[in-house]
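Work through the exercises below with the model open beside you. Try each task before reading its solution.

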Amino acid sequence: MSLDAASPRWLLLTRPDCHLCEEFEQALHAHLGAAVPALERADVDSRGEWRLRYGTRIPVLLDAQGRVLAEGLFDAAGFDRARAAAGRPG
């Protein structure tokens with residue numbers, strides 16, 4: 001995933017009808033409010049590499065550099081640590 005660094009974007013890997021994915025996204029928005037960067041959604045099964053790497057871990061939130069920010073049940077503290085470790089807000 002290569003995205004313009006000037007406009008932070010995150011990629012949420014999901015599957016159709018994934019209730020855990022919907023809950024994850026709601027929790028992410030509740031945690032960050034309006035500060036959520038542009039959020040793209042993609043079916044984890046649409047790419048073989050994603051399916052192999054993340055298929056059993058969805059939902060998975062990746063930053064613009066492809067680093068995992070959060071996965072599975074949304075954990076606000078873990079998410080904040082991952083963002084800090086990435087060194088950037090987006």
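A residue is buried under 20% relative accessible area, exposed over 50%, and partly exposed in between (1.4 Å probe, protein chains only). By that rule F24 is buried, and F74 is buried too.

The model is predicted: local features need pLDDT of at least 70, side-chain atom pairs count only at pLDDT 80 or more, and totals for chains, interfaces and linings use all residues. Residues are numbered from 1 along each chain as its sequence is written, and side-chain values use heavy atoms, with hydrogens and water left out.

**Exercise 1. The layout**

Task: Find how many helices and strands the protein has, and the pattern they follow.

Solution. Step one: use DSSP runs, numbered from the N terminus, taking helices as H or I of at least four residues and strands as E of at least two. The protein has three helices and four strands. Step two: read along the sequence. The pattern is β-α-β-α-β-β-α. Step three: check burial. Of the 90 residues in the protein, 39% are buried.

**Exercise 2. The aromatic pairs**

Task: Determine which parts of the chain are linked by the pair W10 and F79, and which by F24 and F74.

Solution. Step one: apply the ring rule. Rings of Phe, Tyr and Trp (its six-membered ring) pair if their centres lie within 6.5 Å; planes under 30 degrees apart are stacked, over 60 edge-to-face, and the rest tilted. The count is three aromatic pairs.

Step two: take W10 and F79. Their pair is edge-to-face, at 5.7 Å centre to centre with 85° between the planes. W10 sits in strand β1 and F79 in helix α3 (residues 76–86), 69 residues apart. Both W10 and F79 are buried.

Step three: take F24 and F74. This pair is also edge-to-face. The centres are 5.4 Å apart, and the planes make 85°. F24 belongs to helix α1 (residues 19–32) and F74 to the loop between β4 (68–71) and α3, so the pair ties together parts 50 residues apart in sequence.

Step four: join the pairs. W10, F24, F74 and F79 are linked by ring pairs into a cluster.

**Exercise 3. The cores**

Task: Name the residues of the largest nonpolar core, and the element with the largest share.

Solution. Step one: a nonpolar core is a set of buried Ala, Val, Leu, Ile, Met, Phe, Trp, Tyr and Cys residues joined through side-chain atoms within 4.5 Å. Step two: list the members. The largest core has twelve residues: W10, L12, F24, L28, L32, V36, L39, L61, L69, A70, F74 and F79. Step three: sort by element. β1, α1 and β4 each give two or more residues. The largest share, three residues, comes from α1. Step four: look for another core. A second, separate one of eleven residues includes C21, W50, Y54 and I58.

**Exercise 4. The neighbours T14 and R15**

Task: Are T14 and R15 buried or partly exposed?

Solution. Step one: place them. T14 is in strand β1 (residues 9–14), and R15 is in the loop between β1 and α1. Step two: compare with the cut-offs. T14 counts as buried because its relative accessibility is 15%. R15, at 28%, counts as partly exposed.

Step three: list contacts (heavy atoms within 4.5 Å). Leaving aside neighbours within four places in sequence, T14 contacts C21, A42, D43, V44 and I58. With residues up to four places away not counted, R15 touches C21, D43, V44, D45, G55 and I58.
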